[in-house]
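Here are a few friendly notes to read alongside the structure. I have kept them short and put them in numbered points.

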There are 2 protein chains.
Amino acid sequence: MEEQEHSLGGRVFQKIREDILSGKYEENDELRENTLGKEMGVSRTPVREALRQLELEGLVRIIPNKGAYVTGISHKDIWDIYRLRSVLEGICARWAVEHITEEQLNELEETILLSEFQMKKGSGFHTEQVTALDGRFHAVLYEASGSRILSHVLTDFHNYVRVARKSSILSEERARRSIREHKQILRAIWDRDAETAEQLANEHIMHVMQNLKRQGYEEE
Amino acid sequence: MEEQEHSLGGRVFQKIREDILSGKYEENDELRENTLGKEMGVSRTPVREALRQLELEGLVRIIPNKGAYVTGISHKDIWDIYRLRSVLEGICARWAVEHITEEQLNELEETILLSEFQMKKGSGFHTEQVTALDGRFHAVLYEASGSRILSHVLTDFHNYVRVARKSSILSEERARRSIREHKQILRAIWDRDAETAEQLANEHIMHVMQNLKRQGYEEE
DNA sequence: ACCCGAATGATTGTATACAATTATACAGGG
DNA sequence: CCCTGTATAATTGTATACAATCATTCGGGT
């Protein structure tokens with residue numbers, strides 16, 4: 001989607017978001033414009049823009065004339081996102097059946113093939129690559145829904161849970177199953193079987209949730 | 001939620017958003033920082049912040065070193081939002097059954113009573129008031145879901161379709177039905193009947209969609 | 001000792017200045 | 001006539017300066 005942000009403001013935005021999501025800051029930590037600016041060697045202006053954007057994303061709470069404070073995301077937030085994603089990814093797959101292009105179908109297949117290739121390397125496979133491919137698969141699917149709105153929401157969710165996602169594919173067992181499920185989803189879309197596509201995509205996320213549950217992201 | 005923005009940046013943000021949503025600008029119109037600033041009597045700084053935020057909301061597309069362009073929202077976007085809302089409002093009502101507080105229940109009842117009071121005035125009822133109360137009802141329900149995430153998404157959606165919503169309650173017939181449906185939803189939540197609450201909230205939005213369809217917001 | 005208040009310092013909000021990039025206009029050559 | 005290269009203007013990107021608001025500290029009074 002929006003790839004490399006070569007503007008300073010964009011980089012600052014991504015940097016702070018990354019730091020919040022990765023847990024560098026505590027809840028309610030105060031983010032001072034001057035401090036952040038000096039840390040990254042830029043002036044306050046790009047920092048301010050970034051903080052205002054982060055507020056809109058819900059990662060920062062700004063109190064006028066006072067300061068910006070880290071909101072962070074709780075385990076419940078992540079759990080909620082997955083509960084919603086399981087429904088929305090189902091809808092996404094359903095809509096994709098009617099809107100997906102040849103090119104997108106091929107791209108989905110390609111990510112699957114590349115993923116399998118990575119996994120063939122045995123237990124020493126590169127987590128980075130596999131998670132990136134997983135992200136790519138879903139991103140293409142979002143686009144294929146033909147809905148700017150749905151794609152936007154799901155992309156946001158995807159960014160939010162990036163941290164959790166990383167730890168979710170850690171197990172080789174889960175990674176293999178995930179790819180198998182991607183294949184099934186692609187197959188259903190290819191066959192223009194909306195019902196099955198929705199159900200499979202739905203279950204796909206549910207399986208990830210079961211995995212998360214084992215890692216402490218429990219329900220409430 | 002976020003009430004009065006007394007900061008300049010906040011006001012500029014809301015003003016531009018309002019102008020985009022109300023159709024003051026055409027698709028792909030270029031938004032020049034200097035021009036906008038002079039129009040509202042402020043400098044470029046608050047305008048820039050506003051534009052960056054609007055980009056995140058998807059209402060503006062920014063091309064680095066080039067400019068900001070209006071994205072606007074199509075009829076399909078609005079339609080998609082309602083399709084998603086019908087599902088998400090259902091989920092919201094379901095979750096609210098478990099999380100709603102006494103206070104929130106009372107507030108929901110109050111908005112209904114006030115709405116009925118407005119409608120009693122006969123055909124000369126105030127559209128402004130009724131739409132505001134409708135918005136209030138849903139806002140409280142979003143909060144009551146107990147999910148920051150879900151509330152955030154639904155609030156965003158709600159803002160997006162503000163224009164369409166206005167025209168959707170125009171008919172007195174629809175307004176009365178809407179209030180009746182709100183009453184039923186509240187009743188189901190009060191009775192802690194998650195199944196019914198979800199279904200009613202779902203259908204509530206569907207009915208609004210049927211109304212929109214008649215007004216040209218057709219499916220694709 | 002405790003409380004209140006003015007003065008000081010720190011931080012945000014906004015405006016302006018300057019640098020970098022992009023669009024436009026124009027002149028010259030093919 | 002059109003195409004191209006360069007100079008000029010316009011616009012965005014960033015930094016800095018100044019104003020407004022909030023926090024803190026210190027001194028006087030009770």
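1. A definition to start with: Ala, Val, Leu, Ile, Met, Phe, Trp, Tyr, Cys and Pro count as nonpolar, Asp, Glu, Lys and Arg as charged, and the others, Gly among them, as polar. Sorted that way, the surface near DNA strand D has eight charged, seven polar and five nonpolar residues. Please keep in mind that this is a predicted model.

2. Who comes nearest to the DNA? Of the 20 residues around DNA strand D, the nearest are A:Leu8, A:Ser43, A:Lys66, B:Arg48 and B:Arg52. On the DNA side, 71% of the strand D atoms within 4 Å of the protein belong to sugar or phosphate, and the rest to bases.

3. Some polar contacts from chain B are worth a look. The side chain of B:Arg44 has an N or O atom 2.9 Å from a base nitrogen of DNA strand D. Phosphate oxygens of this strand lie 3.4 Å from a side-chain N or O atom of B:Arg32 and 3.1 Å from a polar backbone atom of B:Asn65. Two or more residues each come to the surface near strand D from helix H1 (8-21) and helix H3 (44-57) of chain A, and from helix H3 (44-57) of chain B.

4. Now the two protein chains. A turn of 180° with a shift of 0.0 Å along the axis lays chain B on chain A with an RMSD of 0.1 Å. The copies are therefore related as by a two-fold rotation axis. Both use the same surface, and 100% of the contact residues of chain B recur in chain A.

5. Finally, the rings. The charged end of A:Arg83 sits over the ring of B:Trp95, 3.8 Å from its centre, and B:Arg83 lies over the face of A:Trp95, 3.8 Å from the ring centre. The count of aromatic pairs over all chains is zero.

Methods. Residues are numbered from 1 along each chain as its sequence is written. Chains are lettered from A and ligands numbered from 1 in the order in which they are written. This is a predicted model: local features need pLDDT of at least 70, side-chain atom pairs count only at pLDDT 80 or more; totals for chains, interfaces and linings use all residues. Side-chain values use heavy atoms; hydrogens and water are left out. Copies are superposed by least squares on the C-alpha atoms of residues with pLDDT of at least 70 in both. Contact means heavy atoms within 4.5 Å. Rings of Phe, Tyr and Trp (its six-membered ring) pair if their centres lie within 6.5 Å; planes under 30 degrees apart count as stacked, over 60 as edge-to-face and the rest as tilted. A charge sits over a ring if NZ of Lys or CZ of Arg is within 6 Å of the ring centre and within 35 degrees of the ring normal. A residue is near a molecule or strand if one of its heavy atoms lies within 4 Å of it. A polar contact is a pair of N or O atoms within 3.5 Å; within protein, one must be able to donate a hydrogen and the other to accept it, and residues adjacent in sequence count only if both atoms are side-chain atoms. Helices (H or I, at least four residues) and strands (E, at least two) are DSSP runs, numbered from the N terminus.
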